[in-house]
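Hi everyone, thanks for coming. I'd like to walk you through one structure today, so let's put it on the screen.

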Amino acid sequence: MVARPGWPHTEVMDMDARELMKELREDHRNMSVVLELLDTLVEQMDAGKDPDFELFDEIMRYMTVYPDAVHHPKEDVVYEQLRQARPDLAEDLDHVPDDHSDIAHLGSLLRDEVEAVNAGAAVRREKMIEDTTAYVRRMRKHILWEEEDLFKRIDKMLDADAQTVDVSRYEHIKDPVFELEIEAGFRRMIESLR
Ligand SMILES: [Fe+2]
Ligand SMILES: [Fe+2]
């Protein structure tokens, strides 16, 4: 994880697992907004224009430092609890950690491509369009599946017993863009989101 001034900013929260679910859903909303920014970059490349590669770079860096490094591990803990506490609700969940690592892998490949362009390398436009589109599609599919299926199972588990997931020692790591608005590493992203 890249250390940025003022981030990660963590605090131990006294909270309920339902609060954690609220956070995960909020993360999804934020990620969806970021995926829309990526859509715009794809449209520009499709139209033969050069996208804002610095913005592209910030987005891919954000995806690796927050969704991959904070959001997904948080979900993995909750899913593990679901498997252990409620195997009856945990059918077909074996692919989840794979999904998370596939997404992280696709994201880091794309980030490397963007970094290479920024360093002056020639990367084929079509390849960039293809990889970005595949990444966005994969991410959206994953979020949709979690919202429509997985999170509902977790809600069921928490409705039956809110203490199934112990979050008393859980550290809240703030989103560097949406919560903290750290200008240093994400200036263009924050401008684009305003
Ligand atoms: Fe996930
Ligand atoms: Fe998620």
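**From one threonine to the iron site**

Let's start with T132. Setting aside neighbours within four places in sequence, T132 is in contact with L38, V42, M45, F56 and L110. Please keep in mind that this is a predicted model. T132 belongs to helix α5, residues 125-160, and it counts as buried because its relative accessibility is 0%.

One of those contacts, F56, is among the buried residues of α2, so let's turn to that helix. How many of the 13 residues of α2 are buried? Twelve of them are, so you can call the helix mostly covered. And what does the covering? The list includes α1 (17-46), α3 (67-85), α4 (96-118), α5 and α6 (183-193).

The length of α2 checks out too. At 1.5 Å a residue, the 13 residues of this helix (53-65) should span 18 Å, and the end C-alpha atoms are indeed 18 Å apart, which agrees. At the N-terminal end, D52 acts as the cap, with a side-chain oxygen 3.0 Å from the backbone nitrogen of E54.

Now for the metal. Which residues coordinate the iron ion (ligand 1)? They are E75 (OE), H100 (NE2), H142 (NE2) and E146 (OE), at 2.0 to 2.1 Å. The four donor atoms subtend angles of 87 to 177°, which makes the arrangement irregular. There is also a second iron ion, ligand 2, 3.2 Å from ligand 1, and E75 coordinates both. Since E75 lies in helix α3 and H142 in helix α5, the pair ties together parts that are 67 residues apart in sequence. Both E75 and H142 are buried.

Methods:
Residues numbered from 1 in each chain as written. Chains lettered and ligands numbered in written order. Predicted model: local features only at pLDDT ≥ 70, side-chain atom pairs only at ≥ 80, totals over all residues. Heavy atoms only, no water. Helix = DSSP H or I, 4+ residues; strand = E, 2+ residues; numbered from the N terminus. Buried < 20%, exposed > 50% of the residue type's maximum accessible area, 1.4 Å probe, protein only. Contact = heavy atoms within 4.5 Å. Expected span 1.5 Å × (residues − 1). Polar contact = N/O pair within 3.5 Å; in protein donor to acceptor, adjacent residues only side chain to side chain. Donors = N, O, S within 2.8 Å, 3.2 Å for Na, K, Ca; no water. Tetrahedral: all angles 85-135°; square planar, octahedral: opposite > 155°, others 65-115°.
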